[in-house]
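New to this one? Have a look at the structure first, and then we'll walk through a few parts of it.

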Amino acid sequence: MGCIHEITGHTKLTGLLGSPVAHSISPLMHNESFKMLGLDYVYLCFDVPEDNLETVFNGLKKLNIAGFNCTMPDKTRICQLVDELSPAASMIGAVNTVVNDNGKFIGHNTDGIGYMQSVKDAGYDITGSTMTLLGAGGAASSIFVQAALDGVKNINIFSIKDRFWEKAERMVEAVNKNTDCTARLMELGDDALLADSIADSQILTNATSVGMAPNVDGCIVSDNSMLPEGLIVSDVIYNPMETKLLKMAKERGCKTFNGMYMLLYQGAEAFKIWTGREMPVEHIKKLYFNKNQ
């Protein structure tokens, strides 16, 4: 089904900044929603590596863009470029949605909301449970904060000691101080420690880019024996639809879901921020998502 509506002299521009972006389903879901609701907007993809983000952002501001999404690797850098951060984006230290509010560019983060709704859509209630979370970057941070706010009791974050480590330490401290969640940050590399955490968890979530196309053979979990039967295993990646981690989990009898519905619901929240209207989620789900789950 075609989703591009007629472009006029008044059409407002929205889009996605990141690299790579050619695989993104976001243009389909947003443009179809604009068309269905009769909104004069268009959504395009722009391949923008992090080292070119500031130049591109300055250009988009001059063009009076209505708003845009950010994906990897731009989610952290954009925080330093926008005029203001929402409370959630400030705490997370990453932005996935920017809105032009009368010339003031405000950064939001809707990833965590999208992820927690995707858990519910997959049929699971993880309130009061223990989560093992892989990664400490933008997506992982948003999932971590929202999961803690939504009542996940224990969260064990595993990450390499990269540029996100110190920020993750501060977030863990803030969550432990301000929520009922108990969080721990541990360095990736000790498979025994990771296996122990997974064994104690109801859900394992990969919030890194490991396993994303084109590097589909990547997987942080080294052996499927680390995945007990009945564990919920989720991956924020949706290209490929079934990552190596999810294949390993299925082989062990685990319950699995990918990042498609997280993409849908974070997009729906961004759509509302830009337009003030609710995305027709059920229509979009039937059109583009159900066949991919």
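Here is a short tour of a pocket and two helix pairs.

## The largest pocket

Keep in mind that this is a predicted model. Its largest pocket has a volume of about 910 Å³. There are 43 residues lining that pocket, and Met72, Ala139, Ala207, Thr208 and Ser209 are the closest to its centre.

What is the lining made of? By residue type, it splits into 22 nonpolar, 17 polar and 4 charged. Four elements each chip in at least two lining residues: the strands β3 (67–70) and β8 (154–159), plus the helices α5 (138–149) and α9 (260–275).

## α5 beside α6

Helix α5, one of the pocket's contributors, also pairs up with helix α6 (residues 165–178), their axes coming within 11 Å and crossing at roughly 5°. Angles under 35 degrees count as roughly parallel, so that's the label for α5 and α6.

On the α5 side, the contact uses Ser141, Phe144, Val145 and Ala148, which meet Lys167, Met171, Val172 and Val175 of α6. Sorted by type, the residues of this contact come out as 6 nonpolar, 1 polar and 1 charged.

## α1 against α10

Next up are helix α1 (residues 26–37) and helix α10 (residues 281–289), whose axes lie 10 Å apart at an angle of about 135°. That angle makes α1 and α10 oblique to each other, and their crossing is right-handed.

Which residues make the contact? From α1 come Leu28, Met29, Glu32, Ser33 and Met36, while α10 brings His283, Ile284, Leu287, Tyr288 and Phe289. This contact of α1 with α10 divides into 7 nonpolar, 2 polar and 1 charged.

Terms used: Residues are numbered from 1 along each chain as its sequence is written. This is a predicted model: local features need pLDDT of at least 70, side-chain atom pairs count only at pLDDT 80 or more; totals for chains, interfaces and linings use all residues. Side-chain values use heavy atoms; hydrogens and water are left out. On a 1 Å grid over the protein atoms alone, a cavity is a set of points where a 1.4 Å probe fits but cannot get out, and a pocket is an open set with protein on both sides within 12 Å along at least five of seven lines; lining residues have an atom within 4 Å of a point. Grid points are joined across faces, edges and corners, and a volume is the space filled by probe spheres set on the points. Ala, Val, Leu, Ile, Met, Phe, Trp, Tyr, Cys and Pro count as nonpolar, Asp, Glu, Lys and Arg as charged, and the others, Gly among them, as polar. Axes are lines fitted to C-alpha atoms, for helices over the stretch in contact, and angles run from 0 to 180 degrees between N-to-C directions. Angles under 35 degrees count as roughly parallel, over 145 as roughly antiparallel, 65 to 115 as roughly perpendicular and the rest as oblique. Contact means heavy atoms within 4.5 Å. A crossing is left-handed if the near helix is turned anticlockwise from the far one by less than a right angle, and right-handed if clockwise.
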